Structures are given as C-alpha cells and as structure tokens.
Amino acid sequence: MLEYLLGRCALNDQAALERLYDMTSSYLNGVAYRVLGSTDESNDVLQEAFIQIWQNASTYAASKTKPLTWMSSIVRYRAIDKLRSESRHQNRPDHDEDEILNNVASPNSEEDNYLLYRLNEQLRKCLDGMNEKFRKSVELAYLQGFSREELAQVLDANLNTVKSWLRRGSATLKQCMEGQEENSHVE
Amino acid sequence: MLNESELQEAAFEYVVGTLPADERAEFEAHMARTPKLAQIVQQWEEKLVGLTYEVKPVSPDPNTLRKIKARIAPEIQRVSKPNLLDRILPWKWATSVAFALFLVVSMVHFSGIQNPTKPNADYLAVLLDQTEQPVLTALTATEGSTLWLKWEKWSAPENRSLQLWAKSRRDGEIRPLLVFGQQQLNEITLDEATLRLIQDSSHLIITEEEVGGSAIDEPSDVVIATGVCIRLKETQGKV
C-alpha cells in the first residue's frame, strides 16, 4: 500500500500524500520526537520530511528499499541534521514518563508492524549478544541522536574508544545480521 | 580511497548518526559520487530500521498537514498536466510529438526548481481524447516493473471493454497491452513481455472493444484516447 501511495505521489496526487500522511505521520513523528525531544521541533522535521518525500517520491525504488525504511531514514536524517547544525543536543525528556507519548495506537498497517517487529527481533538477538557498550551506543545514537562525543561522555570513555567500539561492533553486527537473514531464509 | 571495511564502518556511523556535522556533509558528498556507498547505506538502513519498532508513535500537530499541503500546492499547479494541456490546447493536437516533449521538458524543468534529483520514471504517455482532453497519464516506474495509471476521466462502457494498445516505433504494428475491467485500475505490475512492448512503443492507444478485449488482437475504430510514448530518462538526459 505504501509503495502504491508513493507511486501516486510521483504523479502529483495530493490525496495519496494525505493518505500516506494519515498512515505514517504518528510513527514518523515518534521517530523525530525521540531524537529531538520536542514536539515543536519534531513537527517541523515531519513537515520538511514530507515535503522531501513528496518531491522525491519518483526516486523511490521499491526494489532497493522498503517504504517505511526510506521514509523513516528521511525523518531521522533531518532530525539529526537539525541537532548537529544547531550544535546542541536535545533537552532530553524522560521518554517513558512523558505525557506526549499518550498511548497513540500504532498507525502502521499490521503488515508493516509485523515487518518492523521481525526486523527488531533479528536486530535484538544480535545486539543483546554483543558488547554492552556497543549496544548502548547504537541505541542512544540511532534512537536519540547521540554523537560520538556525547556517547563518550555518557558512557565514560574517551572518543577513540567510542570510535573503536563502533568500528569493531559494526563488523560483528553485520556478520550476525547476515547470519540471521540466512537462518530466516532456511526456516 | 576507502576499502570495503572502511566503507562499511563509515556507512554504519552515518546511518546510526554518530558522525559530526562536517563529516556527515563530507560523507553525503562522497555518497553522491559513489553508488556502492549508497548501496551499503541502504543495507544498513534496512538492518537498523527495526529499532524504530521500539519508538512510541506521537500524534502530529493538527496544523502540520495543512502546512505541508500549503507548501506543495504551488508545485502541483506548476506541474499539473491538465493545466499545461489547457494552456497549449490550440496547437497541441497537430503537433502531438512536440507537445509531449514539451510536457516532459516542462515537468523536468519545473520539478528541477524544487528538486534537483531526477525521477526514476522510465516511460510516460499522456493519452488525449478526440476533444483533446487528457484521459489518462501512464507512467512506468520502479525500474520498469510497474505501470502507474492516473485517470483524468474514467467510464467503463456497458457491455464493452476498454483495451490498451502499444504502437511499435520499430515496425508500426499495433499490439495489445491489456484489457481493463469494470473497476478503475491505477497500478499494474508488468511482465517482461508487456514491458518490452511499452519500451518499443511510439504511441499508446485506448479503444473500446467487445467484453474481454478484441478477439482478433486488432484495435476497433472506436478510439477513446491516444498519446505519444516518451522515454523519460533519455529525454531528461538531454535537457
């Protein structure tokens, strides 16, 4: 469905964009909010991201990437760019207690949710078996936009150590994920 | 020149988001010149997107959609096919080839103002009826595997079928592409043979036929719409 709506956006179908927005905006806004820690800023990023999605819909290649991956990457990169360009980090709220996260039902389709669930499961199996500092680094960076310097600070390590965790950890993670993919094909 | 493992590490840090602003910008410039790097980035994006399953959704501000629509509205107007058609009606029928090229050039030009990235659409045809009004825009995308159809007018005739034909640019023969049912069809997955017919076609034609399509694989005289088929990528490359 999302692929189809992106195709319609490529034909300048505004109704398709609205449907796409209805289906994904809460999820994508959640992704941006987790990085930025501010609903004003996450809404700004969401707006910019949807303009980019609209303008680049014709470059989306379903054979190369899944629609949710493509769209969430646009949102995350925009959110990270915003953090980095302002040379700051978010005024990080306690995400678990924040009233903003008021049990909004996931807007993604069952199929998209299941896909994300499976990917999460595979990733977790790998991350949970790896160096804890690496796992924590990936979670803080990917979900909350931590830079290397911020990781060094919060994990009480020097910058080179963080770089080394990321470098070595990425190779191990890749190997593990590819093993998981092969296993899932066998199953 | 980075080796494979250095490319992997850099792509991982880019996707995870740990690169400082200057290194991110440098990486993106490098990625724009290096398809292999863009491919590695996509692979990491697919591997890591599962983490977003743990993110709780946040309802967007009710005004956000309104702002988005306000910003894309001028763009729709500028690239809107019917508006362009209306503007050039007096001469387009006599010079349909020039019209179609003009349309594509206009689309590329206008979209280029907003977005320098070239679309991956392959073939485009705007089919006009006898009153020179647009009936259908057909576009192949997703590297040719899908045919998108944007109908301006749709009416399935009673006890008849609409059939889409391709006129070959190579030998001038008109060959059947597909028969439409009673429901409006907006997207079709193309098989190899149909894709080849579109790639070879100079025109697409819609005719009215008996239910299920022409029994003799030749179009009837009841032509609903016709349009020049344009290879979009080649045209863009020349603009």
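1. A residue is called exposed if 12 or fewer other C-beta atoms lie within 10 Å of its own, and buried if 20 or more do. These two words are used in that sense throughout this note on a predicted model.

2. Helix 5 of chain A is a useful place to apply the terms. On one side of this helix, L116(A), L119(A), L123(A) and L127(A) are buried. Seen down the helix axis, the buried residues fall within an arc of 75°, so they line one face of helix 5 of chain A. On the other side of the helix, E110(A), E111(A), Y114(A) and Y117(A) are exposed.

3. The length of helix 5 of chain A (residues 110-127) also agrees with expectation, because 18 residues at 1.5 Å a residue should span 26 Å and the end C-alpha atoms are 25 Å apart. Helix 3 of chain A, residues 39-56, likewise has 18 residues. From first C-alpha to last, helix 3 of chain A reaches 25 Å, close to the expected 26 Å.

4. Which residues of helix 3 of chain A are buried? They are S42(A), N43(A), V45(A), L46(A), Q47(A), A49(A), F50(A), I53(A) and W54(A). Among them, S42(A), V45(A) and L46(A) are in contact with A32(A). Leaving aside neighbours within four places in sequence, the contacts of A32(A) also include V75(A) and A79(A).

5. A32(A) and V75(A) appear again in the largest nonpolar core, which has 93 residues. Both belong to the group with the most contacts inside this core, together with C9(A), A11(B), A125(B) and L127(B). Helix 2 of chain A (residues 14-36) supplies the largest share of the core, 11 residues. As background, nonpolar side chains tend to be buried together in soluble globular proteins.

6. The contact between the chains takes 68 residues from chain A and 54 from chain B. On the side of chain B that touches chain A, two or more residues come from each of helix 1 (4-16), helix 2 (21-33), helix 3 (35-48), helix 4 (62-79), strand 2 (134-141) and strand 3 (146-151) of chain B. Helix 4 of chain B gives the most, with 9 residues. By class, this side of chain B has 22 nonpolar, 17 polar and 15 charged residues.

7. Chain B as a whole has 8 helices and 8 strands. Of its 239 residues, 33% are buried. Among contacts in chain B between residues at least 6 apart in sequence, 63% join residues at least 24 apart.

8. Strand 4 (residues 160-168) and strand 5 (residues 174-180) of chain B run antiparallel and are joined by 6 bridges. One of the pairings links L162(B) to its bridge partner F180(B) in strand 5 of chain B. The two strands form a hairpin with 5 residues between them, and G172(B) in the turn has a positive phi of about 75°.

9. Where in chain B does N159(B) lie? N159(B) is in the loop between strand 3 and strand 4 of chain B. Its phi is near 55°, a positive value in a residue other than glycine. N159(B) counts as exposed because it has 7 C-beta neighbours inside 10 Å.

10. D217(B) is another point to check in chain B. Phi of D217(B) is near 55°, again positive in a residue other than glycine. D217(B) is found in the loop between strand 7 (201-210) and strand 8 (223-231) of chain B. With 11 C-beta neighbours inside 10 Å, D217(B) counts as exposed.

Technical notes
Residues numbered from 1 in each chain as written. Chains lettered and ligands numbered in written order. Predicted model: local features only at pLDDT ≥ 70, side-chain atom pairs only at ≥ 80, totals over all residues. Contact = placed C-beta atoms within 7 Å. Helix = DSSP H or I, 4+ residues; strand = E, 2+ residues; numbered from the N terminus. Nonpolar A, V, L, I, M, F, W, Y, C, P; charged D, E, K, R; others polar. Expected span 1.5 Å × (residues − 1). Pairing = 2+ DSSP bridges. Arc of directions from axis to C-beta. Core = buried A, V, L, I, M, F, W, Y, C linked by C-beta atoms within 7 Å.
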